[in-house]
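Here is a quick tour for anyone meeting this protein for the first time. Have a look at the model, then read on.

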Amino acid sequence: MADNKTPMPTLPPAVRAATFAEVALGYTAAQAQNEAARCITCKHKPCVDGCPVGIDIPAFLAHTAAGNFEDAHRVVAASNALPAVCGRVCPQETQCEGVCVRGIKGEAVAIGRLERFVADYHRQNNGGESGNSAAVTPGKATQSHSNSGAANGPQNSAAQS
């Protein structure tokens, strides 16, 4: 079992300079399973107490480690209506990951990255949670570098008006 988090793939700097796409690409299925398997399923579950919405984190990580991504999404979605957003912007390092026992020796489990993965997986495979129409397959860069407002957000729509 690795002491450190599975690294998140990112866009190369040369590509970043020419696009508004997300820099962090998200985990592949194999990377997500590897990272989720780092959870030691603590008896007292401090990560759940550290989560403002009370996600059953050990259950969602167990499903992710087993490759049951839809089951993992169901666990997350039972407590959180916007897992793709929270997986990207919530301050996990001071919440669930901040109290992760795995972090005592090494790094905490990348709970936020995994929440993002299962939300993106669900959206892309089942038409789930609506979101950025330029979203990419977890672990893969976008091929679209459009400047349309629909693909790049409301700030570009306003600028084009």
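What follows goes from the whole chain to one helix, then to a helix pair and a few backbone details.

Keep in mind that this is a predicted model. The protein chain has nine helices and zero strands, so reading along the sequence just gives you α-α-α-α-α-α-α-α-α. There are 161 residues in the protein chain, and 40% of them count as buried. As for contacts between residues at least 6 apart in sequence, 62% join residues at least 24 apart.

Let's pick out helix H7, which runs over residues 111–126. H7 has 16 residues and spans 22 Å from its first C-alpha to its last, close to the 22 Å expected at 1.5 Å a residue. Quite a list of its residues is buried: Ile111, Gly112, Leu114, Glu115, Arg116, Phe117, Val118, Ala119, Asp120, His122 and Arg123. And what covers them? The cover over the buried residues of H7 includes helices H2 (29–36), H3 (46–50), H4 (57–65), H5 (69–77) and H6 (83–89).

Two of those covering helices, H4 and H5, also pack against each other, at an angle of about 165 degrees and with their axes 7 Å apart. That angle is over 145 degrees, which means H4 is roughly antiparallel to H5. The way H4 passes H5 is a left-handed crossing. On the H4 side, Ala59, Phe60, His63 and Thr64 take part, and they meet Phe69, Asp71, Ala72, Val75 and Val76 in H5. Sorted by class, this contact has six nonpolar, two polar and one charged residues.

Now for the backbone. Most residues other than glycine have a negative phi. Here are some spots where phi is positive:

| Residue | Place | Phi |
|---|---|---|
| Threonine 41 | loop between H2 and H3 | about 40 degrees |
| Lysine 45 | loop between H2 and H3 | about 50 degrees |
| Glycine 127 | just after H7 | about 60 degrees |

Threonine 41 has its positive phi although it is not a glycine, and that goes for lysine 45 too. Is lysine 45 buried or partly exposed? Its relative accessibility is 35%, so lysine 45 counts as partly exposed. The glycine in the table, glycine 127, brings us back to H7, since its place is just after that helix.

Methods. Residues are numbered from 1 along each chain as its sequence is written. This is a predicted model: local features need pLDDT of at least 70, side-chain atom pairs count only at pLDDT 80 or more; totals for chains, interfaces and linings use all residues. Side-chain values use heavy atoms; hydrogens and water are left out. Helices (H or I, at least four residues) and strands (E, at least two) are DSSP runs, numbered from the N terminus. The expected span of a helix is 1.5 Å times one less than its number of residues. Buried means under 20% relative accessible area, exposed over 50%, partly exposed in between (1.4 Å probe, protein chains only). Contact means heavy atoms within 4.5 Å. Axes are lines fitted to C-alpha atoms, for helices over the stretch in contact, and angles run from 0 to 180 degrees between N-to-C directions. Angles under 35 degrees count as roughly parallel, over 145 as roughly antiparallel, 65 to 115 as roughly perpendicular and the rest as oblique. A crossing is left-handed if the near helix is turned anticlockwise from the far one by less than a right angle, and right-handed if clockwise. Ala, Val, Leu, Ile, Met, Phe, Trp, Tyr, Cys and Pro count as nonpolar, Asp, Glu, Lys and Arg as charged, and the others, Gly among them, as polar.
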